[in-house]
Amino acid sequence: MFGSISSEAFVLGMSALAASCIGLAALGVGLGQGFAVGKAVEGISRQPEAHGSILTTMLVGQAISETSVIFALVIAIVLTFANPLVGML
């Protein structure tokens, strides 16, 4: 019905689909970071004397969440430009 597709074309297509999911990951992390900053600002406005502790905790959380997007970006670049799965066929 759909015809035959080569295994290389299938692997490349699925790799492109996986690489395109990076946008969803970045969207989720961006929303989460925005929510965290909003809550940190609320906390600082309620307790200005605790701004150092709130800021430190927020920045550590931001760094951890941003790291996951950077790892996902590296995987997407590898899948797009230097796909190791094609060599296994």
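How many helices and how many strands does the protein have? The predicted model shown here has three helices and zero strands, where helices (H or I, at least four residues) and strands (E, at least two) are DSSP runs, numbered from the N terminus. Residues are numbered from 1 along each chain as its sequence is written, and side-chain values use heavy atoms, with hydrogens and water left out. Because this is a predicted model, local features need pLDDT of at least 70 and side-chain atom pairs count only at pLDDT 80 or more, whereas totals for chains, interfaces and linings use all residues.

**View 1. The whole chain, with elements in the order α-α-α from the N terminus.** The C-alpha trace spans about 65 × 25 × 10 Å along its principal axes. The radius of gyration of the protein is 20 Å, whereas a compact globule of 89 residues would have one near 12 Å; the radius is taken over C-alpha atoms, and the globule rule is 2.2 Å times the number of residues to the power 0.38. Of the 89 residues, 16% are buried, a term that means under 20% relative accessible area, with exposed meaning over 50% and partly exposed in between (1.4 Å probe, protein chains only). The accessible surface comes to about 6500 Å², and 75% of this surface belongs to carbon and sulfur atoms; accessible areas come from the Shrake-Rupley method with a 1.4 Å probe, and for residues only the protein chains shown count as cover. Among contacts with a separation of 6 or more, 76% are between residues 24 or more positions apart, a contact being heavy atoms within 4.5 Å.

**View 2. Confidence along the model, with a protein average pLDDT of 86.** The pLDDT is the predictor's confidence in each residue, from 0 to 100, and 97% of the residues score at least 70. Confidence is lowest in α1, at a mean of 83, and highest in α2, at 90.

**View 3. Helix α1 and its buried residues Val11, Ser15 and Ala19.** These three cover an arc of only 70 degrees around the axis, which puts them on the same side of α1; the arc is that of the directions from the helix axis to the C-beta atoms. An α-helix has 3.6 residues a turn, so residues three or four places apart point the same way. The helix has 14 residues and reaches 20 Å from its first C-alpha to its last, close to the 20 Å expected, the expected span being 1.5 Å times one less than the number of residues. The buried residues of α1 pack against α2 and α3. Ser15 counts as buried because its relative accessibility is 5%, and, leaving aside neighbours within four places in sequence, Ser15 is in contact with Leu79, Asn83 and Leu85.

**View 4. Helix α2, with Ile22, Val29, Gln33 and Ala40 buried.** The 25 residues of α2 should span 36 Å at 1.5 Å a residue, and its end C-alpha atoms are 36 Å apart, which agrees. The cover over the buried residues of α2 includes α1 and α3. Val41 is also found in helix α2, but this residue counts as exposed, at 51% relative accessibility. Between Val41 and Val69, which are 28 residues apart in sequence, the C-alpha to C-alpha distance is 24 Å. Arg46, likewise placed in helix α2, is exposed, with a relative accessible area of 68%. The C-alpha atoms of Arg46 and Ser15 are separated by 47 Å, with their positions 31 residues apart along the chain.

**View 5. Helix α3, residues 51–81, and the surroundings of Gln62.** With 31 residues, α3 reaches 44 Å from its first C-alpha to its last, close to the 45 Å expected at 1.5 Å a residue. Its buried residues are Met58, Gln62, Val69, Ala72, Ala76 and Leu79, and they pack against α1 (7–20) and α2 (22–46). Gln62 counts as buried at 14% relative accessibility. Leaving aside neighbours within four places in sequence, Gln62 is in contact with Gln33, Ala36 and Val37.
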